[in-house]
Amino acid sequence: MSLKIYYSDRIEDLAAHLKDRLREERQSGDPFTFSQVVVPNTNIAKWLQIRVFAKEQALCALELMDFEGKAGIEARLKSFDISAEEIK
């Protein structure tokens, strides 16, 4: 399994990129594919749920994981091949 890290100084750009990537995945493959997205904290997860994905019914198979209060997330992340890309 691989993990792709996207980073930017603008949360809106990251959210738009995330929506586009998830939509592409849904259109090109199995509509029941489950996606996991790691966010830095619960505030960002809630913002994505309310502001970004509220109208995206096709993105229902999505898990937002945050680093706050999750002791096992470090172990889960260690099993991934990690790469990074800046979004501008």
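**Helix packing, core and salt bridges in a predicted model**

Cover for the buried residues of α2 is provided by elements that include α1, β2 and β3, where cover is assessed through contacts, that is, heavy atoms within 4.5 Å. Helices (H or I, at least four residues) and strands (E, at least two) are DSSP runs numbered from the N terminus. Residues are called buried at under 20% relative accessible area, exposed at over 50% and partly exposed in between, with a 1.4 Å probe and protein chains only. The model is a predicted one, in which local features need pLDDT of at least 70 and side-chain atom pairs count only at pLDDT 80 or more, whereas totals for chains, interfaces and linings use all residues. Residues are numbered from 1 along each chain as its sequence is written, and side-chain values use heavy atoms, with hydrogens and water left out.

The buried residues of α2 are Ala45, Leu48 and Val52. These residues cover an arc of only 90° around the axis, which puts them on the same side of α2; the arc is that of the directions from the helix axis to the C-beta atoms. The other side of α2 carries Asn43, Ile50 and Arg51, which are exposed.

The protein as a whole contains three helices and four strands, and the order of these elements from the N terminus is β-α-β-α-β-α-β. Of its 88 residues, 27% count as buried. When contacts between residues at least 6 apart in sequence are considered, 77% of them join residues at least 24 apart. The accessible surface comes to about 6400 Å², and 51% of this area belongs to carbon and sulfur atoms. Accessible areas were obtained by the Shrake-Rupley method with a 1.4 Å probe, and for residues only the protein chains shown count as cover.

Helix α1 spans residues 11-28 and has 18 residues. The distance from its first C-alpha to its last is 26 Å, close to the 26 Å expected at 1.5 Å a residue; the expected span is 1.5 Å times one less than the number of residues. Ala15, Leu18, Leu22 and Arg26 are the buried residues of α1. Viewed down the helix axis, they fall within an arc of 65°, so they line one face of α1. The face turned away from this buried side carries the exposed residues Gln27 and Ser28. Elements covering the buried residues of α1 include β2 (35-39), α2 (42-52) and β3 (62-66).

The largest nonpolar core has 11 residues, namely Ala15, Leu18, Leu22, Val37, Val39, Ala45, Leu48, Val52, Phe53, Leu62 and Leu64. Such a core is a set of buried Ala, Val, Leu, Ile, Met, Phe, Trp, Tyr and Cys residues joined through side-chain atoms within 4.5 Å. At least two residues of this core are supplied by each of α1, β2, α2 and β3. In soluble globular proteins, nonpolar side chains tend to be buried together.

Two core residues illustrate the contacts between these elements. With residues up to four places away in sequence not counted, Ala45 touches Val39 and Leu64. Val37 lies in strand β2 and counts as buried at 13% relative accessibility. With the same exclusion of residues up to four places away, Val37 touches Leu18, Leu62, Glu63, Leu64 and Met65. The C-alpha atoms of Val37 and Leu3 are separated by 9.4 Å, with their positions 34 residues apart along the chain counted as their separation. Glu63, one of the residues touched by Val37, is located in strand β3 and is partly exposed at 24% relative accessibility. Between Glu63 and Val38, 25 residues apart along the chain, the C-alpha separation is 8.4 Å.

Two salt bridges were found in a search of the whole structure, a salt bridge being a side-chain nitrogen of Lys or Arg within 4 Å of a carboxyl oxygen of Asp or Glu. In the bridge between Arg10 and Asp13 the closest N and O atoms are 3.2 Å apart, and in the bridge between Glu12 and Arg10 they are 3.9 Å apart. Arg10 is partly exposed at 43% relative accessibility, Glu12 is partly exposed with a relative accessible area of 43%, and Asp13 is partly exposed with 24%. Shared partners join Arg10, Glu12 and Asp13 into one network of salt bridges.
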